[in-house]
Amino acid sequence: MARRWTNNLTLADATPQAAFWNRRRIMAGLAGSGLAAALGSQAQAELALAEQAGADQALEPNTWEEVTSYCNFYEFGTGKGDPSEYAGRMTTDPWSVAIDGMVDKPGEYSFEQILGEMTLEERIYRFRCVEAWSMVVPWQGFELADLLTLAGVQEGAKYVAFETLYRPSEMPGTAYKVLDWPYREGLRLDEAMHPLTIMATGVFGQPLPNQNGAPLRLVVPWKYGFKSIKSVVRITLTDQEPPTSWNMANPREYGFYSNVNPDVSHPRWSQASERRIGGGLFARRQPTLMFNGYEAEVAALYEGMDLSEYF
Ligand code: MTE
């Protein structure tokens with residue numbers, strides 16, 4: 001398995017909001033003064049990440065309000081406010097995930113069983129939507145690799161396919177054929193096993209709200225947001241590149257890989273810059289970073305590939 005990623009940020013770094021912001025400013029003042037060495041390791045990790053990302057790209061989390069009310073979850077409607085308004089009616093308990101295909105231990109894994117087996121961590125990730133807005137979200141979750149290892153990936157498996165719950169009685173948006181339901185996504189196996197790839201079960205130290213994909217959803221921080229499929233009920237290991245909802249809907253606009261890439265434009269708009277949600281009227285656009293700022297961690301996965309062909 002790939003090396004585990006060593007982000008040791010915790011929610012103590014993210015909440016409460018005000019304390020976080022204050023400390024960030026203080027630390028910005030300390031940076032380079034030598035005093036940073038006197039700070040705890042947690043704080044140093046945060047500082048290192050912020051420096052690595054550049055001053056304008058600091059990992060300042062968005063607010064609970066922004067993360068939970070400005071959402072995309074088309075099963076509940078195509079408006080950003082629809083998920084927070086309608087997803088409450090989705091039953092998330094009991095919940096199980098079918099893990100099947102090329103695995104040693106296929107079966108229905110209950111959410112409780114999964115939680116019991118996995119090590120939960122807190123991680124703050126940049127999140128970049130194909131519509132050119134972005135957020136920074138403090139997730140809790142576990143590495144997808146750990147779940148796949150639990151199920152036992154068989155020799156020859158090359159891809160992982162994911163499916164969201166499809167329950168029309170609780171999902172008003174599925175009455176419209178904007179997408180071919182259920183919502184489907186996929187990753188190459190090495191992407192799925194990468195330590196940055198997590199299954200999130202919470203935000204801001206709280207269980208995941210329904211609108212954000214309760215009780216568990218994928219988060220792949222170096223890819224456009226639509227890859228991060230919500231409310232997952234099936235994970236299938238396969239040797240074929242799986243069909244994905246957005247690629248099926250519009251293959252010219254949405255490729256299988258969907259890596260954040262400022263150099264490859266969406267056919268109808270540039271992807272070179274983004275607008276951070278929040279910050280009000282004067283929120284500045286900022287340049288989008290290659291692989292959403294995770295280039296050092298993931299570029300090797302795509303060595304030798306023409307990323308304008310495999311977009
Ligand atoms: N998963 C499902 N099942 N249905 C969706 O419509 N939207 C995707 C992704 N996962 C979506 C989904 C898109 S376009 C984005 S940008 C993110 O979820 C949004 O995640 P958030 O609302 O938690 O920020």
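Visitor: What makes the pairing of a ligand oxygen atom with the side chain of Lys230 a polar contact?

Guide: An oxygen atom of the ligand lies 2.6 Å from an N or O atom in the Lys230 side chain. A polar contact is a pair of N or O atoms within 3.5 Å (within protein, one must be able to donate a hydrogen and the other to accept it, and residues adjacent in sequence count only if both atoms are side-chain atoms). The 2.6 Å pair therefore qualifies. This is a predicted model, in which local features need pLDDT of at least 70 and side-chain atom pairs pLDDT 80 or more, while totals for chains, interfaces and linings use all residues. Residues are numbered from 1 along each chain as its sequence is written, and side-chain values use heavy atoms, without hydrogens or water.

Visitor: Which polar backbone atom lies 2.9 Å from a nitrogen atom of the ligand?

Guide: That atom belongs to Ser228. An oxygen atom of the ligand is also 2.9 Å from an N or O atom in the side chain of Asn212. Taken alone the ligand exposes 530 Å², of which the protein buries 97%; such areas come from the Shrake-Rupley method with a 1.4 Å probe (for residues, only the protein chains shown count as cover).

Visitor: Which residues come nearest the ligand?

Guide: Tyr74, Glu75, Thr164, Ser228 and Lys230 do, out of 16 around the ligand. A residue is near a molecule if one of its heavy atoms lies within 4 Å of it.

Visitor: What is the space taken by the ligand?

Guide: The ligand takes the space of the largest pocket. A molecule sits in a pocket if more than half of its atoms lie within 2 Å of its grid points. On a 1 Å grid over the protein atoms alone, a pocket is an open set with protein on both sides within 12 Å along at least five of seven lines, whereas a cavity is a set of points where a 1.4 Å probe fits but cannot get out; lining residues have an atom within 4 Å of a point. The largest pocket holds about 450 Å³, a volume being the space filled by probe spheres set on points joined across faces, edges and corners.

Visitor: Which residues lie nearest the centre of the largest pocket?

Guide: Of 26 lining residues, these are Asn72, Phe73, Gly225, Phe226 and Lys230.

Visitor: How many cavities of 30 Å³ or more does a search of the whole structure find?

Guide: The search finds 2. The second largest cavity has about 40 Å³ of space, and its lining includes Glu121, Trp139 and Ile198.
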